Amino acid sequence: MTRPHRGPGHAGPSVVPYPHGGLGRHPNLPPGERLRVLLVEDDEGDAFLVSELLAETNSMIELSVASSLSEARKRVMGVDCVLLDLGLPDAQGLDGLRQVLDMSSGAAVCVLTGRSDEHLGIVAVAEGAQDYLVKGQVDGVLLTRALRYAVERKRADENARRLREVELRQAESARLERGLLPQPLMSTDQVAVHTFYRPGRHAALIGGDFYDVVQTRPDRVDFIVGDVCGHGVDEAALGVELRVAWRALVLAGVPDDEVLPALEQVLMSERRLQEIFATVATARLDLARNAATVRLAGHPPPLLLSGGKVAPVPVPGGLLLGVRPRRPIAFDLEFDTDDWSLLMYTDGLIEGRVGDGDERLDVSGLTALLGEPDSLAVPLAELPAWLVGRAEQINGGPLADDVAMLLLTRGGGR
């Protein structure tokens, strides 16, 4: 470094002397613009010279000094940049740099090297430092610029890292969503399926709600809607496993009464905590008979829209999957006409509040919404989204839980 020269008649800004390891401050430093720099340097002369260089350029930098790595550990909190000498009493070369990088993950790091070991500066940047400076080859302007550039480079690196994390999480969510919300495996045109999914507004990732549709014969279609308790990656992954397992069981021709018990075995073997459970509703539609067999495992009942009326299907509720293994009771539903819709949904749709109290929308409230005159003007394909909008309107804001829906329709659908 070169010592600044002050010509005759130019006293320059005063520098407040500071003891070795103390603090040099600019009295009019704007708090919003200052940089806090920690100089780790055991040579008192070099430390004083750095302070002089920064003062000469009115650098708006608040400088503190540590004479060793152990002292730096006590001072590093809250600094924007660490200016590190690679030759310290308690750390030499890159070992000291690695320790500083570990202790100051949020701060930029610039290293100081001598003329004879300038190559260390290049290696230091490869190790994670933002820049390096050679003693004796910088003045105040270059020093100030290097420190500010290092801080900005560190911020840019942090922003790029955060952006990458967000992109990875989005990609993870997309993969889970594709697993939870597949394309219906159905070829018949005798019934239509309208699907809907919306994650809870307070959930970081897609939750554990899932659905699936599988046609195994020209006259038979199977449906499932399920909900794994909780939110996040683990619950979503478990939901994907259950959906895939259910599809495999149905395609393999496993007897109806054995499908949900087998699904429960998958849940109990794959869940990370014993407290994790799931609720499901399944329906097997016989197109030739115009009838369906419905089973519930702790899930709210489907709603039947037919003949201008709306009513819950009176299916026995059954036990949650993962609590106490037990076969759900099958309920045979015969449709009176060829114009009907069957709405299967997760409980996130009916757990919103009604008014200012603790009353919930519940199945009765959802039935009332579908009975509103306005609902008759809504196309069936848009009906699930309309229901969520009305539920949120009544709730006074977004629903907290995930919502998944399957709307099966035949003929006119009502």
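Start by selecting strand 9 and strand 18 (residues 403–410): eight bridges join the two, and they run antiparallel. Keep in mind as you click around that this is a predicted model. For one rung of that ladder, pick Tyr197 in strand 9, whose bridge partner in strand 18 is Ala404.

Now widen the selection to the whole sheet. Five strands make it up, in the order 9-18-17-14-15, with antiparallel pairing, and the sheet is open. At its edges you will find strand 9 (191–198) and strand 15 (309–312), each of which pairs on one side only. Look along the sheet to see the twist, which averages 15° from one strand to the next.

Next, add helix 10 (residues 383–395), which packs on this sheet. Show its contacts and you should find that helix 10 touches strand 9, strand 14 (303–306), strand 17 (340–345) and strand 18. The direction of helix 10 makes about 135° with that of strand 18.

Then move to helix 8 (residues 362–370). Which of its residues are buried? Colour Val363, Gly365, Leu366, Thr367, Leu369 and Leu370, the buried residues of helix 8. The cover over them includes strands 14, 15 and 17, along with helix 9 (373–376) and the helix 10 you have just visited.

For the last stop, how many aromatic pairs does the structure hold? There is one. Select Phe335 and Trp340 and display their rings: the centres lie 3.8 Å apart and the planes meet at 5°, so the pair counts as stacked. Switch on a surface, too, and check the accessibility of this pair: both Phe335 and Trp340 are buried.

Methods:
Residues are numbered from 1 along each chain as its sequence is written. This is a predicted model: local features need pLDDT of at least 70, side-chain atom pairs count only at pLDDT 80 or more; totals for chains, interfaces and linings use all residues. Side-chain values use heavy atoms; hydrogens and water are left out. Two strands pair if DSSP finds at least two bridges between them. Helices (H or I, at least four residues) and strands (E, at least two) are DSSP runs, numbered from the N terminus. Axes are lines fitted to C-alpha atoms, for helices over the stretch in contact, and angles run from 0 to 180 degrees between N-to-C directions. Contact means heavy atoms within 4.5 Å. Buried means under 20% relative accessible area, exposed over 50%, partly exposed in between (1.4 Å probe, protein chains only). Rings of Phe, Tyr and Trp (its six-membered ring) pair if their centres lie within 6.5 Å; planes under 30 degrees apart count as stacked, over 60 as edge-to-face and the rest as tilted.
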